[in-house]
Amino acid sequence: MDYKAMYQQWLDNPYFDEETKAELKAIEGDEKEIEDRFYMDLEFGTAGLRGVIGAGTNRMNFYTVRKATQGLANYIKTVKGEAKGVAIAYDSRNMSPEFADEAALCLAANGIKAYVFESLRPTPELSYAVRKLGCIAGINITASHNPPEYNGYKVYWEDGAQITPPHDSGIMDEVKKVTDYAAVKTMPLEEAKAAGLYQTIGADIDDPYIEELKSLVLHQDSIDAVKDKLTIVYSPLHGTGNIPVRRVLKELGFKNVHVVPEQELPDGNFPTVSYPNPEAAEAFALGLALGKKVNADLILATDPDADRLGVYVKDSKTGEYHTLTGNMSGCLIGDYVIGQRKALHGSLPADGAFIRSIVSTNMADAIAKYYGIELVEVLTGFKFIGQKILEFETTGKGTYLFGMEESYGCLTGTYARDKDAVVASMTLCEAAAYYMTKNMTLWDAMLEMYDRYGYYKDHVESITLKGIEGLAKIQEIMNTLREDTPKEIGGLKVLAARDYKTDCVKDLATGETKPTGLPKSNVLYYELEDDAWVCVRPSGTEPKVKFYIGVKGNSMTDADEKSASLGRQVLDLIQKML
C-alpha cells in the first residue's frame, strides 16, 4: 500500500481516534508531509523505536507503541517468558508516561505482567529493575538526548542489557508480522490492576539501586576529608537525573552540591537548550555561569534519561574550566577505578578486563596495558558491553573492571547492564575528592594521564542527511567507501581497513585478510599511520553518518592540530561524494 492509501486508511478507519484524524486532516494537501509520515513504518531496529511524536506510521504515537509491544509480547510467548513479566520506565519527554502505560496495557492484555515505575526514572535504573525483579524484558520510553519533538522505545532483555542477537532479530521479526493495528491487544488500566497484571514500582527499586552504587565507593575516607571543601554544580537538563544524582551525593556526604535551578525540573520541551545533549557546549551555558559564581571544582550535566554524563573541570592554575569529552571522562573514571582497586587490594584479577567500543579512544588500550589487564573491543552500543559481562559470568572467564564508550557513557560495577550517568557522577565526584586530598584537581589528574599514556585526541564529525533522499545518500557514502578503499586519508597512509559488515580486516600493504571477530555491522574502520584512525558508521538513532577520528600527538597542542586537520580532510573527502 502506498503512502497516500495508508494516509487515507488512517482517516477512514474507525480504530484511529478523532484527535489523530484531526491532526492528519490538518496536513491535507501537503504531499511531502504526508509522504514523510506514511512512506514507511517507524522502523523497529536493534535499539527499538525512535522518531518524531505525531500521527502516522512513521511517527511515535499510541498505535506504533502498541504495535511494537504486541510484537514484543508475541516474542516473549515464543520463549515462554510471559510469567516473568516486563519492567517499564520512562523519562521526562512529552508523552513518555502515556506511551509507558500503552505498552503496559498491551502486555497486560497478552497476559504478561507489567511493573511500571510510579514516575520518571533513569535508563540505568530500568536496567537494574529488570535484573532485580527477574523480568524477561524491560521497556524504556526515552529518546535520550534527541531534540524535544522526539520520543523512543528501548527494549531490554532479562540480563538487563538492551536486546542483542538472537533476541533482537527475533523481536524485530515479530513486530514486522503485526500489520493490522486494530488486531493489537489492549485493556483498561483498572482491569489490568485488578487482574494483577499492572504493578506500580518505586522506592522498592530506588533504595537498593542507590545502595548498589554506594557499595562501589573506594575512598569514603577522601569524601569525608573534603566533603565541606569540594564544590559541585549539577544539571539534570530537565530530565531524570535530578533526584538520584542528588540523593547519592548527599548520602555519601557531599555538602556543596548546587543544582542549576533553570534546568532542575522535568520538562519535555527542554526550554533552556535546543536539544538536551551534554556533549553540546550550549547545554553547559547555565551550569558554567553558576559554576563561576560558586567557584565550582567540577560541573556535571546528565542527559534526559541519565545514561550520559557531560563534565567541565576547573584548572586551579588558570581558573579556566575545561570540558572533558566522553573519551576523556571515561578514561579518567576508568583509570581511577582500576588504579585505586589495585592500590587497595595489591593486585587486580588475572583475567581483569577493560571493555570499550570500537569507536572509543585508544587511550583505553594504553590504560589496560599499563595495569596488565585485557582490553576488549566491542561494537558501538553499550548493549555489547553488557553482552560481554554476561559472557564473563556464564563462562567464568573474564572479570569486568570497567566499560566505556566515547558517547559519554560508562559503567562501574555490574548491577546494571547499560551506561549509568548516576554512578559516573558519583564516581567522578569521589575521584575529585580523592585527588583533592593529594592537592590535585581532576584537570591535574587528566594532565598526568596524558603524560603517562600519551596525548590522545578523539572527536566525532557528522553529516546530517534527512528524509528518504538522506537515507539513500548515507548508503551511497558507505557503498562508495566499501567498494573503493582509500589508500590515504588526510595525508596519512591507510595501513589496514576493517569492514565489519563483511567481517574482514585487510592489510593494505600485504593484501592479507582476517576476520574482525565481531558481529556484522555497517561500519568501516581505517587504521592509519602515526597511531591515527578513522571510523565511519551511520547513526542508529539519527539521520546522520558519523566519522570518528583519533590521533596521538607529542603534546596537547600537537594532538589538537592533528585532530582538527584530519577532521577537516575527512569532511572534504565526503563532501566530494555528495
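**Note on a predicted protein model**

1. In helix H14 (residues 363-371), the buried residues are Met363, Ala364, Ala366, Ile367, Ala368 and Tyr371. The cover over these buried residues includes helix H13 (326-345), strands E12 and E13, helix H17 (442-453) and strand E16 (455-464). Just after H14, Gly372 adopts a positive phi of about 70 degrees. The reader should bear in mind that the model under review is predicted.

2. A general point helps in reading such a list of buried positions. An α-helix has 3.6 residues a turn, so residues three or four places apart point the same way.

3. Helix H15 (residues 382-395) may be considered next. Its 14 residues should span 20 Å at 1.5 Å a residue, and its end C-alpha atoms are 20 Å apart, so the expected and modelled spans agree. The buried residues of H15 are Phe382, Lys383, Phe384, Ile385, Gly386, Lys388, Ile389 and Phe392. Among the elements that cover them are strand E12 (352-357), strand E13 (374-378), strand E14 (399-405) and strand E15 (409-411). Strands E12 and E13 are therefore named as cover both for H14 and for H15. Gly396, just after H15, takes a positive phi of about 75 degrees.

4. The backbone also calls for comment away from these glycines. Most residues other than glycine have a negative phi, and most peptide bonds are trans. Lys80 is not a glycine, yet it has a positive phi of about 55 degrees. Lys80 is placed in the loop between helix H4 (62-78) and strand E2 (86-90). With a relative accessible area of 72%, which is over the 50% cut-off, Lys80 is exposed.

5. Asn295, which is not a glycine either, has a positive phi of about 60 degrees. Asn295 belongs to the loop between H12 and strand E9 (298-302). Its relative accessibility is 44%, so Asn295 counts as partly exposed.

6. Lys293 is located in helix H12 (residues 285-294). Lys293 counts as exposed because its relative accessibility is 72%. Along the chain, Lys293 and Glu393 are 100 residues apart, and their C-alpha atoms are separated by 47 Å.

7. One cis peptide bond should be inspected: it joins Pro165 and Pro166, with omega of about 0 degrees. Pro166 is found in the loop between strand E5 (150-157) and helix H7 (167-177).

8. Turning to the whole molecule, the protein chain contains 19 helices and 23 strands. Its radius of gyration is 24 Å, close to the 25 Å that the globule rule gives for 578 residues, so the chain is as compact as a globular protein of that length. Taken along the principal axes, the C-alpha atoms fill a box of roughly 70 × 55 × 50 Å.

9. Of the 578 residues in the protein chain, 58% are buried. Among the contacts in the chain with a separation of 6 or more, 69% are between residues 24 or more positions apart.

10. The surface and the charges complete the account. The protein chain exposes about 22800 Å², of which carbon and sulfur atoms supply 49%. There are 63 positive and 85 negative side chains, and the centres of the two sets lie 3 Å apart.

Technical notes. Residues numbered from 1 in each chain as written. Predicted model: local features only at pLDDT ≥ 70, side-chain atom pairs only at ≥ 80, totals over all residues. Heavy atoms only, no water. Helix = DSSP H or I, 4+ residues; strand = E, 2+ residues; numbered from the N terminus. Rg over C-alpha atoms; globule rule 2.2 N^0.38 Å. Buried < 20%, exposed > 50% of the residue type's maximum accessible area, 1.4 Å probe, protein only. Contact = heavy atoms within 4.5 Å. Areas by Shrake-Rupley, 256 points an atom, 1.4 Å probe, with all protein chains shown as cover. Lys, Arg positive; Asp, Glu negative; His and termini not counted. Charge placed at Lys NZ, Arg CZ, Asp CG, Glu CD. Expected span 1.5 Å × (residues − 1).
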